[in-house]
Amino acid sequence: MLHSMADRTRTPHSARDTDRDPASRPTVLVVEDEPALLALLRYNLESEGYRVLEAKNGEEGLTLIRETKPDLVLLDWMLPELSGLEICRQIRRDPKTRNLPIVMLTARGEESDRVRGLDSGADDYIAKPFSPGELAARIRAVLRRIRPALAGETLIWGDLAMDLAAHRATRGGRELRLGPTEFRLLRHFLEHPGRVLSRDQLLDAVWGRDVEVEQRTVDVHIRRLRKALNGTAEHDIIRTVRSAGYSLEMRAE
Ligand code: CA
């Protein structure tokens with residue numbers, strides 16, 4: 001790990017992030033071999049309220065992704081040994097990391113390079129030099145698209161919308177009638193769309209670690225949530241994964 005100047009000159013987090021528990025901040029893994037740029041990226045991202053992890057090359061990056069499951073990877077194209085493109089392909093090939101948001105960072109600004117970057121599986125692309133504002137906006141946009149809970153107070157995914165402040169949820173504009181437990185369950189699914197969540201993980205997230213609840217209870221509430229979500233014509237978006245748990249999945253229409 002590289003300890004940069006930015007560690008000692010951290011600014012307070014912006015108002016929107018001060019009430020956020022550090023563990024719940026989105027984590028960005030930066031894979032970049034130039035120390036000065038790495039320090040600058042860390043400084044900018046921390047100012048925006050992200051937790052930052054660093055890797056100086058592809059191997060280190062891939063190991064950290066497996067071990068720490070970051071929310072987004074900011075990946076430099078020009079790296080020694082494994083290139084950013086190759087790392088991107090490897091992340092996309094592995095079923096465990098297939099959905100990990102990737103933003104590529106590069107000095108190449110040519111249209112053909114942009115296309116190559118996006119073809120390799122990157123979600124977005126930032127050409128150097130970039131402004132801190134642009135960096136922040138791109139990352140927010142990718143997170144909002146892929147992990148809505150990390151970017152704002154309204155979670156939107158497919159035809160589902162959840163307004164956290166108003167405590168309302170809709171599907172295709174239809175208001176969902178959810179009990180408090182179903183609301184929390186749906187929120188947790190929306191924060192991890194596409195990911196298989198075990199009954200234990202759902203118990204921890206929705207009921208809390210200190211509460212003694214049987215795993216069967218999860219099934220009961222999932223049944224209620226399904227009933228509320230699935231109305232009549234809509235297809236079932238909660239998938240039961242045998243002996244693993246449940247996941248929120250939407251067919252691409
Ligand atoms: Ca580089």
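Does Asp 33 count as buried, partly exposed or exposed, and at what relative accessibility? At 29% relative accessibility, Asp 33 counts as partly exposed, where buried means under 20% relative accessible area, exposed over 50%, and partly exposed in between (1.4 Å probe, protein chains only). Before going further, please keep in mind that this is a predicted model, in which local features need pLDDT of at least 70 and side-chain atom pairs count only at pLDDT 80 or more, while totals for chains, interfaces and linings use all residues. Residues are numbered from 1 along each chain as its sequence is written, and side-chain values use heavy atoms, with hydrogens and water left out.

Let us stay with Asp 33 for a moment and turn to the calcium ion. Its protein donors are Glu 32 (OE), Asp 33 (OD), Glu 34 (OE), Asp 76 (OD) and Met 78 (O), at 2.1 to 3.1 Å from the ion. Donors here are N, O and S atoms within 2.8 Å of the metal (3.2 Å for Na, K and Ca); water is not among the atoms, so sites may look incomplete. Written along the sequence, the spacing of the donor residues is E-D-E-x41-D-x1-M. Asp 33 sits in the loop between strand 1 (27-31) and helix 2 (35-47), and Asp 76 belongs to strand 3 (residues 72-76), so this pair ties together parts that are 43 residues apart in sequence. Asp 76, at 1% relative accessibility, counts as buried.

Now for the wider view. The chain has 9 helices and 11 strands; these are DSSP runs, with helices being H or I of at least four residues and strands E of at least two, numbered from the N terminus. Of its 253 residues, 46% count as buried. Among contacts between residues at least 6 apart in sequence, 56% join residues at least 24 apart, contact meaning heavy atoms within 4.5 Å.

Strands 1 and 3 bring us to an open sheet of 5 strands, with parallel pairing and the order 2-1-3-4-5. Two strands pair if DSSP finds at least two bridges between them. At the edges are strand 2 (51-55) and strand 5 (124-127), each of which pairs on one side only. From one strand to the next, the twist averages 20°. Strand 4 (residues 102-106) pairs with strand 5 in the parallel sense over 4 bridges, and Thr 106 has Ala 127 of strand 5 as its bridge partner. Helix 3 (residues 58-68) packs on this sheet, touching strand 1, strand 2 and strand 3, and its direction makes about 140° with that of strand 2. Helix 4 (residues 84-93) also packs on the sheet, touching strand 3 and strand 4, at about 175° to the direction of strand 4. For these angles, axes are lines fitted to C-alpha atoms, for helices over the stretch in contact, and values run from 0 to 180 degrees between N-to-C directions.

Further along the chain comes another open sheet, of 4 strands in the order 6-7-8-9 with antiparallel pairing. Strand 6 (154-157) and strand 9 (174-175) each have a single partner strand, so one side of each is left without a neighbour in the sheet. Strand 6 and strand 7 are joined by 4 bridges, with Trp 157 partnered by Leu 160. In their hairpin, which has 2 residues between the strands, Gly 158 takes a positive phi near 55°. Along strand 7, Leu 160 and Met 162 point to one face and are buried, while Ala 161 and Asp 163 point to the other and are not. Met 162 stands opposite Ala 169 in strand 8.

Helix 7 (residues 180-191) lies across strand 6, strand 7 and strand 8, at about 115° to strand 7. Helix 7 also leads us to the largest nonpolar core, which has 25 residues, Leu 186 and Phe 189 having the most contacts inside it. The largest share of this core, 5 residues, comes from helix 7. A nonpolar core is a set of buried Ala, Val, Leu, Ile, Met, Phe, Trp, Tyr and Cys residues joined through side-chain atoms within 4.5 Å. Leaving aside residues up to four places away in sequence, Phe 189 touches several residues, including Leu 197, Ile 222 and Tyr 246.
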